[in-house]
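Here is a short round of questions on how the terms used for a structure are earned. Each reply sets a value against its criterion.

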Amino acid sequence: MMRIAIASGKGGTGKTTLAVNLALSLHPEHPVQLLDCDVEEPNAHLFLTPDLSERRAVSKLVPTIDETLCRRCGACAEACEFSAMALLGDRMLVYDALCHGCGRCSLVCPAEAIAERPHTLGVVETGSTHGFPFAHGVLNVGETMATPIIHVLKEAIDPDRLAILDSPPGTGCPTIAALHGVDVALLVTEPTPFGLHDLKAAVGVARTLEVPVAVAINRCDLGDSRVEEYCQEEEIPIVLTIPFDRAIAETYAQGIPLVSASPAWRARFQQLYERLEELLT
Amino acid sequence: MKQILFLSGKGGTGKTTLAAAFAALSRDQVLADCDVDAANLHLVLDVEIEARGDYIGSKEALRDAARCTQCGICVDVCRFRAISPDIQIDPYLCEGCGACVTACPEDAIALEPRVSGQWFNARTPWGPLASAELLPGEETTGLLVTEVKRNMVSLGEETAAQQAILDGSPGIGCPVIASVTGVDVAVLVTEPSVSGLHDLKRIHGVVKHFGIPAYLVINKADLSPELTQRVEAYASDAELPILGTIPFDRTVSDTLASGRSVVESGDSTAGNAIRKIYQRFMEDSNAH
């Protein structure tokens, strides 16, 4: 079934709001599942309070050097593309934080002095909420590599379910990992110069990955018409607009989903999904 | 040169708005946009680009089909599942590590450097700016942040700048950690919501992990007095000094739309609140 990534470029535009409310509005008519791929700052669980029954640690393999076998030749440091190893005088140093866990060092070592051990990056938690499956990833504080967690998280996708992926902000590795292989990217923006600038960047990434795009404009009355003009020029459909409303901001602040506070919004999110279906046929 | 970095964990809380306002209120400084995925600082400054260049940050494995015997050793060795069983390399999964290059018995794979973005230095009314833009589909965010910071330091040396204002990226991962290195003080910007508070705790964990002193600003504080109280309670428990709160004010988005900082628009409730925050920050951080 369809895989929808909710992405944005700029942070704080309302990705989680859209992902959470879309899932709640489509359930139970559609077999939805929600995956929070913003593993640096996962927030969907704050609105859905899921029952997370399974935990799976995600790690990368980092080298450990057997000092008795190591010949201090420096071949590993030379081969490492990430400067995670260095030969300093008579000592081989390993920087776990810089290591990408590729294993090239152990491949090049002529003395078989390199073994590998797992270094935990974070966790993937799966369970259910409101009667549909929910999963998210959490990067440990101080760790840099979010993508391995996103890849493991995406293994939880059930092909028989409509998958909604709440994606990280930005356009870098984590966003690409989330958008890779989805059917459509719903880009959430706001009508400000920041929103427009970052929307263009997000459209660029989605198009590079050959993922079709649609746009939702949040706080649509706080800004100007340049986002709409851009979408028209680029023939990108605008499938939802949400005005700024102190009442919406207040329920959001407390972690209450919009459709729980105002059930009238359900129909708007259902229509949004129908627009996406039309777009893909 | 004292480096002041704006961070938030959660996106869209007002890092750039506050960084630009601090820039407009200070002198003898350099500016750096470390949110290279979505660099916005130059949009609120009157910039004149003075230098620009390609940034070659990562490498990509390329296969020579003529040499490849389709033995599949590379498929097994790649831990990023970037090579399909029919030996096609997916550039978006390729990490550029070269394990396949080492493993290939036929010398059929080479690592090629790729242009992953552009750095640029610009003149602004408030001091020189170092910034960058990542190309669509490119992934070397952390390295590009390091490049921007290197440019910032050179600009600072050239102009004998006393302080640097760095606009950070959302999240807690690679680009954030690259931006944190060498910083003297962090200003954390949050908003009163369960998400804002959750993400604040994580970014505060990161700056503590790296031993960087931090201050807190609560933006749009009046949108939820209840959550503002909860954020304040956290800050008090965690010994995170609060510089002040900023009320929700439409002037902010209006002045942004005109490409200016909120403190340049004369009297506004948000602008006045930021001036007070700036003053408190300068007094307090200079005292330490």
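**Strands, helices and the contact**

In this predicted model, strand S3 and strand S4 (residues 109-123) of chain B run antiparallel and are joined by 14 bridges.

Q: What makes S3(B) and S4(B) a pair?
A: Pairing takes at least two bridges. S3(B) and S4(B) have 14, so they count as paired. Within this pair, B:Ala51 stands opposite B:Asn121 of S4(B).

Q: Why are S3 (48-63) and S9 (242-245) of chain B called edge strands?
A: Each of them pairs on one side only. The open sheet has 9 strands, ordered S3-S4-S5-S2-S6-S1-S7-S8-S9 (chain B), with mixed pairing. On average, neighbouring strands are turned by 20° against each other, direction ignored.

Q: How do you know which way helix H4 (residues 141-159) of chain B runs relative to S5(B)?
A: The angle is about 160°. Angles compare N-to-C directions on a scale from 0 to 180 degrees, so 160° lies toward the opposed end. H4(B) lies across S2, S3, S4, S5 (129-134) and S6 of chain B.

Q: What makes a residue part of the contact, and how many does each chain give?
A: The C-beta atoms of two residues must lie within 7 Å. Chain A gives 54 residues and chain B gives 52. On the chain A side, H7(A) has the largest share, 8 residues. That side divides into 23 nonpolar, 22 polar and 9 charged residues.

Q: What confidence does the predictor give?
A: The complex has an ipTM of 0.94 and a pTM of 0.95. Chain B averages a pLDDT of 95, and 100% of its residues score at least 70.

How values were computed: Residues are numbered from 1 along each chain as its sequence is written. Chains are lettered from A and ligands numbered from 1 in the order in which they are written. This is a predicted model: local features need pLDDT of at least 70, side-chain atom pairs count only at pLDDT 80 or more; totals for chains, interfaces and linings use all residues. Helices (H or I, at least four residues) and strands (E, at least two) are DSSP runs, numbered from the N terminus. Ala, Val, Leu, Ile, Met, Phe, Trp, Tyr, Cys and Pro count as nonpolar, Asp, Glu, Lys and Arg as charged, and the others, Gly among them, as polar. pLDDT is the predictor's confidence in each residue, from 0 to 100.
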